[in-house]
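User: Hey, got a minute to go through this model with me? Let's put it up first.

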Amino acid sequence: MMGHNAVKLELIEWLAKLEDNETIEYLKIVKDSKTTNNDWWNDLTETQKSGIERGLSDIKEGRTRSHEDVKNKYGL
């Protein structure tokens, strides 16, 4: 298992090469939520909130698949 510092270095290297603006913006939201006492939910876009709410509704209504089913479907 990697030590804490090794994981941080791995993440720094990965972040330095990252080109995906959506992921960078998401990581900024995560960072900012840790440095302030704001609820992270308030920092999400309406699209992100809607997606989470749809997912929670799917779970509540039983519209889910097991991890194993998905792996089998895609031959993983």
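Analyst: Sure. One term up front: buried means under 20% relative accessible area, exposed over 50%, and partly exposed in between, with a 1.4 Å probe and protein chains only as cover. This is a predicted model, where local features need pLDDT of at least 70, side-chain atom pairs count only at pLDDT 80 or more, and totals for chains, interfaces and linings use all residues. Residues are numbered from 1 along each chain as its sequence is written, and side-chain values use heavy atoms, leaving out hydrogens and water.

User: OK, so why does methionine 2 count as partly exposed?

Analyst: Because its relative accessibility is 47%. Methionine 2 lies in the segment before H1; helices here are DSSP runs (H or I, at least four residues), numbered from the N terminus.

User: And H1, how many of its 14 residues are buried?

Analyst: The count is 0, so H1 is hardly covered.

User: Does its length add up, I mean, what should H1 span?

Analyst: The expected span is 1.5 Å times one less than the number of residues. For the 14 residues of H1 that gives 20 Å, and the end C-alpha atoms are 21 Å apart, which agrees.

User: Switching to lysine 49: buried or exposed?

Analyst: Buried, because its relative accessible area is 14%. Lysine 49 sits in helix H3 (residues 46-60).

User: What does lysine 49 touch?

Analyst: Trp41, Asn42 and Leu44, not counting residues up to four places away in sequence. Contact means heavy atoms within 4.5 Å.

User: Last one: how far is tyrosine 26 from aspartate 43 in space?

Analyst: They are 9.5 Å apart, C-alpha to C-alpha, and 17 residues apart in sequence. Tyrosine 26 belongs to helix H2 (residues 21-35).

Terms used: Helices (H or I, at least four residues) and strands (E, at least two) are DSSP runs, numbered from the N terminus.
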